[in-house]
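The exercises below are meant to be worked with the sequence and the coordinates side by side. Each task is followed by a solution that proceeds step by step.

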Amino acid sequence: MNILIINGPNLNLLGTRDTGTYGNETLPDVENWISKTFPEHNFTFFQSNIEGELITKIQETLTSQIDGLIVNLGGYSHSSVALRDALDPVLIPKIEVHISNIHARESFREQTITGSVMNGIITGFGKHSYLLGVQAVEHLSKNK
């Protein structure tokens with residue numbers, strides 16, 4: 001299975017930014033861990049702080065051989081109608097993940113604009129949110 005994992009703004013700072021909330025591991029550490037945990041899948045990882053680049057990468061799934069999409073759009077999850085609109089026509093299994101529990105943080109983080117067009121949202125399990133996201137994509141793919 002080919003799975004694309006997209007990380008949005010500030011996730012390039014994992015391991016250094018607010019380690020009490022996000023942990024000490026870097027984004028490359030998390031990506032390597034995911035790849036080793038699921039060696040049967042082919043992962044493509046993409047990170048950008050730029051909304052337009054994220055939109056372009058999401059739109060590429062419409063014509064690519066990607067079987068599942070996992071996104072952690074960071075703060076854009078709560079504010080970007082444009083990303084929501086880019087995700088809407090994507091028909092492959094798509095899961096939104098958050099490292100922190102967005103419902104235990106500031107009130108503006110409790111709702112996601114993008115979540116309404118996703119198959120599901122996983123939040124609050126640290127880096128394990130990504131693993132649960134992969135398992136959700138597997139489940140959705142088997143039960144089409």
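**Exercise 1: A residue in a loop**

Ser 116 lies in the loop between β4 (94–98) and β5 (120–123), and the model in which it is placed is a predicted one. Determine whether Ser 116 is buried or exposed, and find which backbone oxygen its side chain reaches.

Solution. Begin with the accessible area: Ser 116 has a relative accessible area of 56%, and because exposed residues are those over 50%, Ser 116 counts as exposed. Turn next to its polar surroundings, where the side chain of Ser 116 reaches the backbone oxygen of Ile 113 at 3.2 Å, a distance that falls within the 3.5 Å cut-off for a polar contact. Finally, place the residue relative to Leu 91, from which Ser 116 is separated by 25 residues in sequence and by 14 Å in space, taken from C-alpha to C-alpha.

**Exercise 2: The neighbours of β1**

Identify which strands pair with β1 and in which sense, parallel or antiparallel, and state how many of the six residues of β1 are buried.

Solution. Consider burial as the opening step: strand β1, residues 2–7, is mostly covered, with five of its six residues buried. On one pairing, β1 is joined by six bridges to strand β2 (residues 42–47), the two running parallel, and within this pairing Ile 5 stands opposite Phe 45 of β2. On the other, β1 pairs with strand β3 (residues 68–72) over five bridges, again in the parallel sense, and here Leu 4 has Leu 69 of β3 as its bridge partner. When reading such neighbouring positions, keep in mind that side chains in a regular strand alternate between the two faces of the sheet.

**Exercise 3: The sheet and its helices**

Work out the order of the five strands in the open sheet, and then describe where helices α2 and α5 lie with respect to the strands.

Solution. Assemble the strands: the open sheet has the order β2-β1-β3-β4-β5, with parallel pairing. Its edge strands are β2 and β5, each of which pairs on one side only, and the twist from one strand to the next averages 20 degrees. Within the sheet, β3 and β4 run parallel and are joined by three bridges, with Ile 70 having Ile 95 in β4 as its bridge partner. Add the helices last: α2 (residues 27–37) packs on the sheet and touches β1 and β2, its direction making about 165 degrees with that of β2. Helix α5 (residues 128–142) lies across β1, β2, β3, β4 and β5, and runs at about 165 degrees to β4.

Note on methods:
Residues numbered from 1 in each chain as written. Predicted model: local features only at pLDDT ≥ 70, side-chain atom pairs only at ≥ 80, totals over all residues. Heavy atoms only, no water. Helix = DSSP H or I, 4+ residues; strand = E, 2+ residues; numbered from the N terminus. Buried < 20%, exposed > 50% of the residue type's maximum accessible area, 1.4 Å probe, protein only. Polar contact = N/O pair within 3.5 Å; in protein donor to acceptor, adjacent residues only side chain to side chain. Pairing = 2+ DSSP bridges. Axes fitted to C-alpha atoms, helices over the stretch in contact; angles between N-to-C directions. Contact = heavy atoms within 4.5 Å.
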